[in-house]
Amino acid sequence: MSMFLLGLLLFLLLQRCSSAATDAAATPSGSGFQRIYQTEQTLRNAKGKEMFGYLNLSADPCTDFYEYACGGWQAAATPQLQLEQRTDGDLLRLLEESAHREDSGVARQAKEFFKSCLVAQTQTQQSQQQFLSELIQQNGGFPAVPGSNWEVHHHDYDWLRVLGDLRHRFGLDILIGLRIGYNYANVHENSLYLSEPSTVIPRALCTHNRLDIRDMAYEPLERRVASELKAWLALDNEAAARLAADIVSFEHELCGGMQQDSEAPWDAERQLYAGNCTRKTLADFSKIYGLNLESYVTASYGQVIFKPVYMAAPKYYRQLQRTVAAHNASQVANYIMYRAVSALTFPLEDRPHLRRNECLGRIKRHLPTALGELYARQFASEDARKDLEALYGQLQDALKQSLSADWLEEGSRRVALRKLVDLKLHLPHYERPLAYKLQLERNNYWSNLRQLLGAVEAQQMGRLFEEELPAPSDPVEAYEARVRYRPVQRQIDMGLALLQAPFYDTHYGQSLRYATLGVAVARQMAAAFDDPHWSLDLLERDSWDGLTAWRYHDRSECFSRQVEEYLHANASATRRLIADSAALNVAFGAYLTWLGFQEPNNDFNRLAKETLPGLNYSNTALFFVAYAQQHCSREETRRWSSAQKMPQYSALQDHSWPRMAVNGPLRNLEEFAREFHCPMGSAMNPATKCQIY
């Protein structure tokens, strides 16, 4: 009997090991759940082999360093996307775990909601159909759908009230963008902004390259909308095609009033500096634009809002009024209800093997704090925080040296140094966030969704009444790879995902650490001293003296000329090149300082780890290669290899941003040219170099 038990135990042990090996094989190589079993040398060997595989040693680093560093890139995903994919894998495993004693109430709700999302069936499920039927009947009806109560509502249909109810109950962003951001006049309180909404038509077609609605570019979108209408509402082919054409055409008219630079998500900090909005009462704006915006906001909040609001998109609201006036109520209602249904249902591509990622995406949108808490508990060690704080201090010292440049007058220099001292690094932390008042059921996803969306929207809209210094509207969660400069809070917010491979690992050495983490943080630090943000206090844009301001703009022209060698004249590209160049200079300077502290102590063990096996580079050369490989892209590599080869950059070539993001900052750094022996006058070592910080 004992031999039988021993055999059974051995069998179970082998099964467990086999299962662990299978899980490891299915786990991305950079996952924090697997990497604990890998040795330091294994990781260093793997990283060296990975970086070597990306190189194109036949390319001349002094002509095109991007091609040299990234010409062998074959992966479908960029390094940033790889990091996101690995982070998503970690988040999925955390959500699938049973509730822990350490989990807060909101973390438990996220796990429960995730599980209900997984078991929800596809589009034909009866509970989904019931949910959609109630959604349509309770919100004015859907004229194109028989039996949807449109006949009851159409005589007194108030589309603005319907939109407000949809936002109040589900947080839907249809036809009207209602955002919360800082009050221009007093950043210690928030204000409402009337802005542009989201669109079905991609922004590239909506604003940047808006074509005639009859152009073939819109046909795939119409076909997709028609397919959705058939799947969700059981419309026949002809009715679905006709309604899809009407919906796309309606939105195409709205696109005529949208700004070309509105592709980026709403950014409260950017709005403070780039926006120039008028603030009035809702009653005033209702009269100006001929839209009952009071009704919309009152329905959105469930109460009357008396505080003045900002108008962030005047051209769009004029176009909205004209477009709605040119269509009958049924066409407006059809558009609204299509947008509502498409926002709440699962996508057409939904399949059982894709459902996990779809459900994760919904948790990210609605319960990001819960994911941040779970991720931070798994990955945020105290040692990592201390290391980051030390790195930040070194970057501050390097930027301080840059601010001593002779082009800054003494008064402006003192302002800048004081601002730098006040600028702090802020890492996500979670102290038992409060749970929502929900009654979640494992097998009733649609009820869970209805409850969750209402609770989340109530919390978001409640930010309008925050007192003291409002929190950022888009907090950086622990699982993110974002780094953001917060001018109001005077801090740099940083996610913890940047501490994970393939972005960085402590075993890779400090050269890679400064080239990846260091550059990412330094870029946001430098943003505090760019043209719009240079101020003694928020919105005092002219706080630097006139001579310093003139010198800054004069130096900016040098970067503008460099941009024109790569791309068409582009003010945003110039600002980005200035920021990237400053980040590279600051991070490299901080790395050289770190090296200087090691050499007097003869810490040969640490210095020996500043290179990687299989790569014949010095530590500083490895810094530049690691910097470049953050921008590798298979699309860019293929585009270059299929294009006509030219010996160096010229205005005749169609250059994209990834190539410029690498070559632009590096060609302005003398240390790079020296490291790779680039002759003066070569593409990567021009005689005239641009520098601000």
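In this predicted model, the side chains of Arg203 and Glu196 meet in a salt bridge with an N to O distance of 3.1 Å. Both partners are withdrawn from the surface: Arg203 counts as buried at 13% relative accessibility, and Glu196 likewise counts as buried, at 9% relative accessibility.

**Salt bridges**

By the distance rule applied here, which asks for a side-chain nitrogen of Lys or Arg within 4 Å of a carboxyl oxygen of Asp or Glu, the count comes to 36 salt bridges. One of them joins Glu67 and Arg659, whose side chains meet at 3.8 Å, N to O. Because Glu67 lies in helix 3 (residues 65–70) and Arg659 in helix 28 (residues 657–666), this pair ties together parts that are 592 residues apart in sequence. Glu67 is buried, with a relative accessible area of 4%, and Arg659 is buried as well, at 0% relative accessibility.

A salt bridge in another setting is formed by the side chains of Arg214 and Asp212, which meet at 2.9 Å, N to O. Here Arg214 is exposed, with a relative accessible area of 73%, while Asp212 counts as partly exposed at 40% relative accessibility. The three pairs are set out below.

| Salt bridge | N to O distance | Relative accessibility of the Arg | Relative accessibility of the acidic partner |
|---|---|---|---|
| Arg203 and Glu196 | 3.1 Å | Arg203, 13% | Glu196, 9% |
| Arg659 and Glu67 | 3.8 Å | Arg659, 0% | Glu67, 4% |
| Arg214 and Asp212 | 2.9 Å | Arg214, 73% | Asp212, 40% |

Salt bridges also link residues into a network, whose members are the acidic residues Asp267, Glu269, Asp474, Glu480 and Asp493 together with Arg482, Arg484 and Arg486.

**Helix 23 against helix 24**

Two packed helices are described by the angle between their axes and the distance between the axes. For helix 23 (residues 546–566) and helix 24 (residues 571–598), the axes come within 9 Å and cross at roughly 105°. Angles of 65 to 115 degrees count as roughly perpendicular, and helix 23 and helix 24 are therefore roughly perpendicular to each other. On the side of helix 23, the residues that take part in the contact are Tyr552, Ser556, Phe559, Ser560, Gln562 and Val563, and they meet Ala573, Thr574, Leu577, Ile578 and Ser581 of helix 24. By class, this contact has six nonpolar and five polar residues, and no charged residues.

**Arg634 and a distant stretch of sequence**

Arg634 is found in helix 27, which spans residues 634–642, and counts as partly exposed at 27% relative accessibility. Leaving aside neighbours within four places in sequence, Arg634 is in contact with Trp73, Gln74, Ala75 and Ala76. The C-alpha atoms of Arg634 and Gln74 are 5.6 Å apart in space, although the two residues are 560 residues apart in sequence.

**The chain as a whole**

The chain has 29 helices and seven strands. Of its 693 residues, 52% count as buried, and the accessible surface comes to about 32,100 Å², of which 52% belongs to carbon and sulfur atoms. Among contacts between residues at least 6 apart in sequence, 72% join residues at least 24 apart. Two such cases of separation in sequence have been described above: the salt bridge of Glu67 with Arg659, which ties together parts 592 residues apart, and the contact of Arg634 with Gln74, two residues that are 560 residues apart in sequence.

Key. Residues are numbered from 1 along each chain as its sequence is written. This is a predicted model: local features need pLDDT of at least 70, side-chain atom pairs count only at pLDDT 80 or more; totals for chains, interfaces and linings use all residues. Side-chain values use heavy atoms; hydrogens and water are left out. Helices (H or I, at least four residues) and strands (E, at least two) are DSSP runs, numbered from the N terminus. Buried means under 20% relative accessible area, exposed over 50%, partly exposed in between (1.4 Å probe, protein chains only). Contact means heavy atoms within 4.5 Å. Accessible areas come from the Shrake-Rupley method with a 1.4 Å probe; for residues, only the protein chains shown count as cover. Axes are lines fitted to C-alpha atoms, for helices over the stretch in contact, and angles run from 0 to 180 degrees between N-to-C directions. Angles under 35 degrees count as roughly parallel, over 145 as roughly antiparallel, 65 to 115 as roughly perpendicular and the rest as oblique. Ala, Val, Leu, Ile, Met, Phe, Trp, Tyr, Cys and Pro count as nonpolar, Asp, Glu, Lys and Arg as charged, and the others, Gly among them, as polar.
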